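Trainee: Could you take me through this model step by step, and let me ask about the charged pairs as we go?

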Amino acid sequence: MIYRFETLPSTNTYLKELAAQGAPQGTAVLAREQTGGRGRLGRSFHSPAGSGLYLSWLLRPDCPPEELLHLTCAAAVAATQAIEAACGVTAGIKWTNDLVWEGRKLGGILTELGFAEGRVSWAVVGIGINCTQSPEDFPPQLRDMAGSLTLAAGRKTTPEALAGPLLEALEGLPGLLNRRAETLARYRSRCVTLGREISLVRGDAVTHGTALGVDDWGALAVRRADGTLETVQSGEVSVRGMYGYI
Ligand code: BTN
C-alpha cells in the first residue's frame, strides 16, 4: 500500500504510526512537502513542496538488531540504483547515510527501528532526495553544500520521475540485506569517505583521523591522528571532511 500526501510533518513519523498499527512490509508513505522533516542525530531535513522526494518504506524484519546493522548501507545502495535509473547520475555515498554528487549533498537516509521482545519488529527507512532545486533555491546555510538531481543530471528531474525507480529499488531491499557481503562491496565502491582525512564529531568532542574502510556491518574503520585504530558506528558520530562537507 502506498500512501501519498500533499503535506506531512514527516513521512517517517507517519509510517511509524502505521507500523504500530500493524501495517505490512512494503507499506510506503510519500509527501510532496514535509514541515518537520527529520535527519540523523536530531537534525532537520529541509523538505520544500515539490522540490524533493520524501519517502518512507516499511520493513518487517523480525530479527535481532545485530542482524540489521547494515540496513542504512543497503538503503543507500538501493537509493543510488534508483538515482541512476531515474536520471543517469552516479551518486556517491558519504558514510554513513548521505547521498552526494561532486561534493554536494543530494539527500540522506534516516532509519528508525521498533522492537518487540528484543527483536526488530519494524524498520522505517526514510529517504529524502533533492530533485529540482537550483543553487539559489536552497537556504543560505545549505547553499554551499547542497545539490539536486536536476543540477547533477543537467536536465530537470522531478520527484515524480524518481518515485517509481526508488519504490522499485526498495522492493529489492530485503534481498540486498540478505546478500550482505555483495551489498557492502557495492557500498564501499560508492563511498566517497574512504581514504579521506576526516573529523569525528561526538557532541562537543572532535577528533581527527583517516577513514580506512567500512566493515561488513557498515561500521567505519578509522586511523586516529595518534596512529591507533578505532571502529565507529553510525549512531554515535557525525563525520566531516577536514576541509569541507566531504
Ligand atoms: C539525513 O540527512 O540525516 C537524513 C535525512 C532523511 C530525510 C528523509 S525525508 C523522508 C523521511 N522523513 C523524514 O522526516 N526524514 C526522512
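Trainee: Which residue does Arg188 meet in a salt bridge?

Mentor: This is a predicted model, and in it the nitrogen and oxygen of the pair lie 2.7 Å apart. Arg188 sits in helix 7 (residues 180-190), while its partner belongs to the loop between strand 9 (205-214) and strand 10 (220-224), 28 residues apart in the chain. The partner that the side chain of Arg188 meets is Asp216.

Trainee: Is Asp216 buried, exposed or partly exposed?

Mentor: Buried means under 20% relative accessible area and exposed means over 50%, with partly exposed in between. Asp216 has a relative accessible area of 33%, so the residue counts as partly exposed.

Trainee: Which residues are joined into one network by salt bridges that share partners?

Mentor: The side chain of Lys16 meets that of Glu112 in a salt bridge, at 3.0 Å from N to O. Because Lys16 lies in helix 1 and Glu112 in strand 6, this pair ties together parts that are 96 residues apart in sequence. Arg38 also forms a salt bridge with Glu112, with the closest N and O atoms 2.9 Å apart. Through shared partners, the network is made up of Lys16, Arg38 and Glu112.

Trainee: What is the order of the strands in the open sheet?

Mentor: The sheet has 7 strands with mixed pairing, and its edge strands, each pairing on one side only, are strand 1 (2-8) and strand 4 (92-94). Strand 1 pairs with strand 2 (residues 28-34) in the parallel sense over 6 bridges. The full order is 1-2-3-7-6-5-4.

Methods: Residues numbered from 1 in each chain as written. Predicted model: local features only at pLDDT ≥ 70, side-chain atom pairs only at ≥ 80, totals over all residues. Heavy atoms only, no water. Pairing = 2+ DSSP bridges. Helix = DSSP H or I, 4+ residues; strand = E, 2+ residues; numbered from the N terminus. Salt bridge = Lys/Arg side-chain N within 4 Å of Asp/Glu carboxyl O. Buried < 20%, exposed > 50% of the residue type's maximum accessible area, 1.4 Å probe, protein only.
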